[in-house]
Structure formats: C-alpha cells, structure tokens
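Here is a small set of exercises to work through with the structure open beside you. Try each task before reading its solution.

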Amino acid sequence: MFRIIPSLFSLLFLLCGVCAATPSSEKDLESSLNHLASVVATPHLQPDDAQVETLLSFLNGATRGKMVWEESRKGWGTGVGTTFAVSSSLSGMMAYFYNPAISVEAVIPGLVRRVGDVTWEKGRDGRLFLVDDAGKKEPVVVRHAYQLYITPDGNSGAYYSYKQHELSMVSSWKGRRYLLSVSLQPNASDVGRKGYPVVTQKGGKLYNYSGEKGLTRLGLGWVDSYIYRSLTITLYLEDAPGAETLSAISFKWLNAGWLGKNMVKAHHIDRGIDRFARHLDFFFQSPARVSPEAWAEVCEKIRELPTLALKKIFSQQIALMVKSESKNATLFDDAYVGSLTRDELVAGVISNHSVALLLGCKTVSL
C-alpha cells in the first residue's frame, strides 16, 4: 500500500469540509505509476494519455520541494515521490540532456561518473528533442538503453554500475509542455565498491574510485552490496507556456542492500532526489555555464585526445583543484591515474573540467 502525503494547508481545508477531492486519488495515481512501469518494460508500448494526465494533475496540485508520496512494494522495495523545481526552460534542459554529443557527466558531474554502451531506438535518438517546439503538436517518444556508472552515494559511500532501460516523452498539456522520463534497472548492479570524496579548493567534490569491494561506512567495509532493482518516473512541467522554470516530481523505487535484504529507507531516497535537484539547479543557475554547443565541442575534443594526453590533463586538473593536504588527496597518485581505462579517463577529464568551470576554478587547457 502507498499513501499520498497531504500538505498542512490541504489538511486544514479537509478538516473544514471545504476542500474538493485531491487532483488524483490514490487509486488513480497507483494505476498511472503501474502503467508507466509496464510501458518502460515492454518494447513498442506507448504511454496512455489519460494515465499521463493523472500524473500531470498530481504534480500540478502538489506542494513544491517535499516528499509527497511513499509506499513499500514487494520486490521493488521502498518507493518515494518528491517534488522539486528546476531553473530552466524545457527546451534549455533538453538541449543539454538529449544532445548525444554532450556527456551526462558534463551536466551533473557530482552524480554520474559516466554512461556507456548507449543504444538508441533504431532511427530515433535524443536529437528529436532538440527542436524548440518538439512535442507541441504531437508527442515524441524515444527509447534507449545504456550502462550507468554512478558516483558514490551519500549513505554508503559505495559506487555502482548497472544497465538502464529508459523511455522519454515530450508533449504538451493545457498549453504547457512537459518531459516524462521513465527508467528501469532490469537486473542487479555489479557489487558496490568504495568511493572516497575529495573536497576541492572551491568547495566542490571529486571522487576517487578505489576498485575495492565494500562500503566506506564505519564497520561495513566488508559488505558486498548491490542495487537489486530500481525504477524512476520523473515528470517536468512548464510553470506556464514557454516558462523559464519547471515544476518536477520524481517517483523512485529502490531495492538495495546486502545478503538479499533491502536496507533502503524512505528518507534515503528523498535525500537522493533532493541531491539530484540541487545538482541540476546548480548547473542551470551557474553563471559559468556555457552553451550546449560549446559543451558539445568540449566533450568531442576530449574524446579525441590521446590516452597519454588524457592522463597528463587529469593529473593537472587534480593538482589545480585539490590542496595536497586535503583528506584523501593522496589517493589521486600516479598509480591511480595509470590504473584508469581510457573510457574512465575521458569521463574523468570531462567531469573535472565541468566541476572546475562551474565552481570558478582555474581550468586546464585542452
């Protein structure tokens, strides 16, 4: 069973007997979420307009910036729905996230280490979303699959890699465009490995990926942990037609832990969604953010660099951004840099460049 968490304001109206029914009942919302979970798991199945409208109505009436829904579902573990705001137009956001030339770690380097093995639906990819009026006349739906490598999470200190299937749709509702993203992790992740944060001179974080199995939490270094299953349904809606701001909600189920047991609590997921929202807003509010075209050029240039050049630039970036006396700074030694694969070096240089640029640190010439 799940529950919609009402705001204090709505409770007062309910007690006074004045408030009408909530925009979406629990039964309607459950039906909508179940439908979208089936859609992402079933090739060629399209989202139903009425089911998506239920979700839009719920978001439109929800309080911003708080957990508004939770459930516990067998096999899926803990589920949470949290609202947040995004300081970007819909077209502006899609210009970064759906340009195949821009690496995701360039936009949210604190959350994604890298994305690999990307396979788009035949004949369709993210470029379909890069037209300013995409979705105004008729819905545009695109599917793709990829291997996701995430940064260490704040609860366990471990980082993971897993396969994701994702469906994205852009359309309009009452004159306001929206973006719906549904991602499914069909199989368990690889084993969790210890990741160590290193604070930069301007307050940001870089991460050392040790390769060692286990968690960094005290007393749990021995644990072989996994993300067994996850499902995320995220909806972004223009605050007004053509607005420069978006309202959003993310529903996420997460079953993760060790020895087959789910150790995830609702507040862990809520914090994770809030972390994503803060990183997203930091990117779009940064005065140092460059245009999508410029980001694409940077990413392409880095991908074309020889491996030896990538290693040199990575080391130079660390030297410029991290004080030698900082905790865990010594982990970025020559042996560590030498152990990184080419794909890891490309992603690391892109991520480091993004962090330096957004925080106002000195960047290494590419």
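## Exercise 1: Two helices that meet

H4 and H5 are roughly perpendicular to each other. Please keep in mind throughout that this is a predicted model.

**Task.** Find the angle and the axis distance behind that description of H4 and H5, and list the residues that meet.

**Solution.**

Step 1. Two packed helices are described by the angle between their axes and the distance between the axes. For helix H4 (residues 90-97) and helix H5 (residues 266-285), the angle is about 100° and the axes are 12 Å apart.

Step 2. Angles of 65 to 115 degrees count as roughly perpendicular, and therefore H4 and H5 fall into that class.

Step 3. On the H4 side, look for Gly92, Met93, Tyr96 and Phe97; their partners in H5 are Leu280, Phe283 and Phe284. The residues of this contact divide into six nonpolar, one polar and no charged.

## Exercise 2: Rings between the helices

**Task.** Which aromatic pairs does tyrosine 96 form with phenylalanine 283 and phenylalanine 284, stacked or edge-to-face?

**Solution.**

Step 1. Begin with the overall count, which comes to 13 aromatic pairs. One of them joins tyrosine 96 and phenylalanine 283, with 5.0 Å from centre to centre and 85° between the planes. Planes over 60 degrees apart count as edge-to-face, and this pair is edge-to-face.

Step 2. Place the pair in the chain. Tyrosine 96 is in helix H4 and phenylalanine 283 in helix H5, so the pair ties together parts that are 187 residues apart in sequence. Both tyrosine 96 and phenylalanine 283 are buried.

Step 3. Move to the neighbouring ring in sequence. Tyrosine 96 and phenylalanine 284 are also an edge-to-face pair, 5.8 Å centre to centre with 75° between the planes. Phenylalanine 284 belongs to helix H5 and tyrosine 96 to helix H4, so this pair ties together parts that are 188 residues apart in sequence. Phenylalanine 284 is buried, as is tyrosine 96.

Step 4. Now look at valine 107, found in the loop between H4 and S4. Leaving aside neighbours within four places in sequence, valine 107 is in contact with Tyr96, Phe97, Ile102 and Phe283. Valine 107 and tyrosine 96 are 11 residues apart in sequence, and their C-alpha atoms are 7.3 Å apart in space. At 2% relative accessibility, valine 107 counts as buried.

## Exercise 3: Other rings and their partners

**Task.** Which residues do ring pairs link into a cluster, and which ring face does arginine 114 lie over?

**Solution.**

Step 1. The cluster linked by ring pairs is made of Phe58, Trp69, Phe251 and Trp253.

Step 2. Arginine 114 lies over the face of tyrosine 149, at 3.9 Å from the ring centre.

Step 3. For a further example, go to tryptophan 76: arginine 229 lies over its face, 3.8 Å from the ring centre.

## Exercise 4: Buried or exposed?

**Task.** Sort glutamate 105, serine 183 and serine 324 into buried or exposed.

**Solution.**

Step 1. The cut-offs are under 20% relative accessible area for buried and over 50% for exposed.

Step 2. Glutamate 105, in the loop between H4 and strand S4 (112-120), has a relative accessible area of 5% and is therefore buried. Beyond its neighbours within four places in sequence, glutamate 105 touches Val112, Arg113, Arg114, Val115, Ala347, Ile350, Ser351 and Ser354. Its C-alpha atom is separated by 9.8 Å from that of valine 349, which lies 244 residues away along the chain.

Step 3. Serine 183 is in strand S8 (residues 176-185). Its relative accessible area is 7%, so serine 183 is buried. Leaving aside neighbours within four places in sequence, its contacts are Val40, Gln164, His165, Glu166, Ser230, Leu231 and Thr232.

Step 4. Serine 324 sits in the loop between helix H7 (307-321) and helix H8 (334-339). With a relative accessible area of 64%, serine 324 is exposed.

## Exercise 5: Backbone angles

**Task.** What is the sign of phi at histidine 44 and at aspartate 117?

**Solution.**

Step 1. Most residues other than glycine have a negative phi.

Step 2. Histidine 44 is not a glycine, yet has a positive phi of about 75°. Histidine 44 is in the loop between helix H2 (26-41) and helix H3 (49-61) and counts as exposed at 69% relative accessibility.

Step 3. Aspartate 117, also not a glycine, has a positive phi of about 55°. Aspartate 117 lies in strand S4 and, at 57% relative accessibility, counts as exposed.

Methods
Residues numbered from 1 in each chain as written. Predicted model: local features only at pLDDT ≥ 70, side-chain atom pairs only at ≥ 80, totals over all residues. Heavy atoms only, no water. Axes fitted to C-alpha atoms, helices over the stretch in contact; angles between N-to-C directions. Helix = DSSP H or I, 4+ residues; strand = E, 2+ residues; numbered from the N terminus. Parallel < 35°, antiparallel > 145°, perpendicular 65-115°, else oblique. Contact = heavy atoms within 4.5 Å. Nonpolar A, V, L, I, M, F, W, Y, C, P; charged D, E, K, R; others polar. Phe/Tyr/Trp six-rings, centres within 6.5 Å; stacked < 30°, edge-to-face > 60°. Buried < 20%, exposed > 50% of the residue type's maximum accessible area, 1.4 Å probe, protein only. Lys NZ or Arg CZ within 6 Å of the ring centre and 35° of its normal.
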